[in-house]
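Welcome! Have a look at the sequence and the structure below, and then let us walk through some of the details together.

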Amino acid sequence: MGASVKKEFSGEKQLSGEELSQKEISEKGEKAEKAAVEPMAVMERERVPQDKNSDDIVVIHTESLTKTYGDLTAVDHLNLEIRKGEVFGLLGPNGAGKTTTTLMLLGLTEPDEGKAMIQGLDCTRNALEVKKAVGYLPDNVGFYGTMTGRENLRFMGRINGLDGKELEERIDSLLERVGMTQAADKKTSTYSRGMRQRLGIADVLMKDPDIIIMDEPTLGIDPEGIRELMWLIRDLAERDGRTILLSSHQLYQVQRVCDRMGIFVKGKMVACGTLEELGQQISRDGVGTVELSVYPDNVSLQRILKEIKGILDIEKNSDMYVIHSAFDIRRALSKKLTEEGYTIMHLRQAGSDLDEIYRKYFEKAGEKVG
Amino acid sequence: MGKTSAQTMGAGTDARTENTRRVEDIRMGGAGNQAKTNGNRRYHVLKVLFRKETAEFINSRRMILFVVLTALITVSGFYAAVSGLAESIKNGNTATDFLFLKLFTVSANSIPSYNSLMALMGPFIGIFMGFDAINSERTEGTLNRLVSQPLYRDQIIISKFLAGLFISAVMVFASGLLIGSVGVITTGLIPTGEEIARLFIYLCFCVIYTGFWLAMAILFSTVCRHAATSALACIAVWLFCAIFVSLLAGIIADALYPVGGGDMQAMLNEMKNYSCELNLNRISPYYLFAEAASTVLNPGVRTINAVTIAQLSGAISSNLSLGQSLLLVWPHLTGLAALMLAVFAISYVSFMRQEIRSR
C-alpha cells in the first residue's frame, strides 16, 4: 500500500519538478524499494525517535546565547541542548526571555553574544536553511482574515514550494489531523481562538518541519482545547519523531506534555531536566513536605501524627495537613494511620508538582510568582 | 515515559500504517522542495507573495471604495472634458489640434479636468494601497508567521510594493483608456498615433506618481505601529505637498529675492525670484507631476522654465514634437522615479532592521 502511493508520488514529482536532481531521484527510488520489500521496517524507523536512549542526537544547541535590549538583558548566557524527538518546555514568567530565545533560534533576532545552532546550522547565518527545518507557531497566531483556512494553508504551502495535487493532499490530511476539516472553508476572521491555534499547527506542519517551536500554545484556550492540543503535541513528537520546543507559563499543561523542561528566570535558565530531576534537585535543598487528608479528621489525629518519627512541623490548612519532615515519611505515615483505623483520602509528596518546583526556583532566584 | 509507551501501544495497527504513510508522503514532499534551485525559489516565493497580496486586496472591502474613487475621477474628468470642450472651442480658447488629448486637460466651469483630478487624487490611490501594508500584518499576527517561513525578508516588502504598483497601474490605465475610448465614441475624434503615444506616456507618469505615494505609505506603515497613525501621516504629507509647499516656496523666494521695492534691484530680482519659486515647488511631487503631465498632454507647451523675450525671438510658434516634449519632462520623470525609489529604499531598510515580535 505504502509502495503504490510512493510510486504515484514520485511520478508526479517528475512531471512537475523540472530540476529534480539525480540524487533525489535515487534516494526516492531507494525509499520506495525499501518500503516495498519490508513495509514494517519503515514503520519501525519512524518510531525510532520514541526510544530516547538510542537516539541522542542534539538538534538544538545554544552556547552562551545572550541578547540585551539597552540595560535589560533578555537572555543571559543561555546554554541549551535539546535532543531529537524530545518535547522540551521552556518555562518562565512573562518577560523572562522565552520569546527572545525562540526568535534567536529562528534567526529573526541577532544574538549579541554566543550562538544558536539547529541541526548543525548557525541560526543567524543560515537563517533560511534553519527556517526550512523549523516550524514556528507564534503566540496568538494570526491569519489573513479575508481568506479561508484552506486558502491560508495553501498560501503557506506555496511559499514552501508545494503545488498542485501534492499541496491539496497535504492540506486535506493536515486539516483532518488537527480536526479542522469542518471549518476549513470559512473565513479565518470568523475563527475562535482555539480554531486559530489548531489551524496554526496545521500551518506549521505544512512545511513538514523536523523541529517545531511553539510560543505559549495554550494561551487563551479552553480546557478541552488544551487537552486536545497537548495530545496533538505528544503525537507530533512520538509518531512523527519531531522535536518540539514549547514555551509557556502555564505549568500544569507543560508538565503533562514535556519530556524535559528548563526554568527561565530573568533571562537565565536556573534549572533544567525532567520533572523528577527537578523535584529531586529541590527536595535535596530542603526538607520533605507531605500533603495529607484523612477520614475521620478528629482530635486524636494530631496526637497520632506527632508520634511518627521525623516530623518537624504540622500545618493545617482547611481540610488538608501539610507535614514537614526531615526525610520521606510517607511509608511510615500510611502504615501508622491504617493501623489506627483512618482512611487516607489524599497523601502526596509535595515538590513533585511543577507548580511547587517552579515556585521554589523562583524563591531561590529572588523572584515572586504572581 | 510511562505515558509515552501507553499511548503508542494504544494506537491500532491500521491507524499506524495509515499515519506512517502520511508521514512518508509528507517527508518526500519535503525532499522535493530542496530540488528547486535557490534562484528559482526566490522568484517562486516572490510570485506567491505577489499573488497573495493582489488577491487579498481584490477580495477586500477596500477594493470597492477604491473602484468607486477611480470611477469618480474618471466620470467627473470625462464629464468636464465633454461639457467644456465644445464651449471652449467655440470661444476660441482652445486650439483645435490634438483635440483628443484635450479630453484629459479641459475643465468645465466648476469641475476640474481629469489631469488635475489625477494630480490631486492620485496620492489617495497610493495611500489607499499602502498605508497598512506592514503594520496590519503585524497587528494581525501574520507577519511573524510569515518571516519564520523560508523566505528572505525583503521579499515581503518588495512583493507588497510591486502588488500595489500593479493594481494602481491597472486602475490608472483602465480609467485613462476608458476616457479615451468613450471619448472616441461620443465626440467622434480619431486619435493620431502621436496622441496615443502621449496618452500612454502620461498614464505611465500617473503610475509612477501613485507609486511614489504608495512607497510613502509603505514607509509610514513600516514605521508606525497603528494603521490609523500611518494613514494620518500620509495624508499630512500629501496636504503639505499639495498646498503648503507652494505657499512656502513663494515666501522663501520673496525673502531671498525681494521684488516689491520698485527699484532697479527688484526688477533684476524678478527672474531669480520666479526661478527660485519654481525650483522649490518642484521639490513637491505634486507640482512635478502636474508640470510634467501638462507638458506631455499639451504639445503647445514649449518651455517650463522662465524665458526672456530675447530667448524667444526668432522662435517659430508651433507645437513641439513628441521627442522634444519628452526631453522637457525627462528630468521630471527621473526625479519622480528617484523620489519613489528613495522613499521605498528608506522603508526597505527600516523594515529589514526591525525586530519582528508577536503583536
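What follows is a short tour of chain A and of a pair of helices in chain B. Please keep in mind that this is a predicted model.

**Chain A as a whole**

Let us begin with the overall make-up. Chain A contains 14 helices and 14 strands. The chain has 370 residues, and 41% of them count as buried. How far apart in sequence are the residues that touch? Taking the contacts in chain A between residues at least 6 apart in sequence, 69% join residues at least 24 apart.

**A sheet of four strands**

Strands of a sheet pair through backbone hydrogen bonds, in either a parallel or an antiparallel way. In chain A, one open sheet is built from 4 strands in the order β2-β1-β4-β5, and the pairing is antiparallel. Which strands stand at the edges? They are β2 and β5 of chain A; each has a single partner strand, so one side of each is left without a neighbour in the sheet.

Within this sheet, strand β1 of chain A, covering residues 58-69, runs antiparallel to β2(A) and is joined to it by 8 bridges. If you would like to find this pairing on screen, start at A:Val58, which stands opposite A:Arg83 in β2(A).

**A hairpin further along**

Another antiparallel pair in chain A is formed by strand β9, residues 260-265, and strand β10, residues 268-273, with 5 bridges between them. A:Met261 has A:Gly273 in β10(A) as its bridge partner. The hairpin of β9(A) and β10(A) has 2 residues between the strands, and there A:Lys266 takes a positive phi near 50°.

**Backbone angles worth a look**

Two further residues of chain A have a positive phi although they are not glycine, as the table shows.

| Residue | Place in chain A | Phi | C-beta neighbours within 10 Å |
|---|---|---|---|
| A:His77 | strand β2 (residues 72-83) | near 40° | 15 |
| A:Gln119 | loop between β4 (113-118) and β5 (121-122) | near 50° | 18 |

Are these residues buried, exposed or partly exposed? A residue needs 20 or more such neighbours to count as buried and 12 or fewer to count as exposed. A:His77, with 15, is therefore partly exposed, and A:Gln119, with 18, is also partly exposed.

Where can a cis peptide bond be found? Look at the step from A:Tyr295 to A:Pro296, where omega is near -5°. A:Pro296 lies in the loop between β11 (288-295) and α12 (299-307) of chain A.

**Two helices in chain B**

Now let us turn to chain B. Helix α10 of this chain, residues 193-223, has 31 residues and reaches 45 Å from its first C-alpha to its last, close to the 45 Å expected at 1.5 Å a residue. Of those 31 residues, 23 are buried, so α10(B) is largely enclosed by the rest of the structure.

Two packed helices are described by the angle and the distance between their axes. For helix α9 of chain B (residues 153-187) and α10(B), the axes come within 9 Å and cross at roughly 145°. The crossing of α9(B) past α10(B) is right-handed. Residues making the contact include B:Phe161, B:Leu165 and B:Val172 of α9(B), together with B:Leu203, B:Val207 and B:Leu214 of α10(B). What kinds of residues make up this contact of α9(B) with α10(B)? They divide into 13 nonpolar, 6 polar and 1 charged.

How values were computed
Residues numbered from 1 in each chain as written. Chains lettered and ligands numbered in written order. Predicted model: local features only at pLDDT ≥ 70, side-chain atom pairs only at ≥ 80, totals over all residues. Pairing = 2+ DSSP bridges. Expected span 1.5 Å × (residues − 1). Axes fitted to C-alpha atoms, helices over the stretch in contact; angles between N-to-C directions. Left-handed = near helix turned anticlockwise from the far one by under 90°. Contact = placed C-beta atoms within 7 Å. Nonpolar A, V, L, I, M, F, W, Y, C, P; charged D, E, K, R; others polar.
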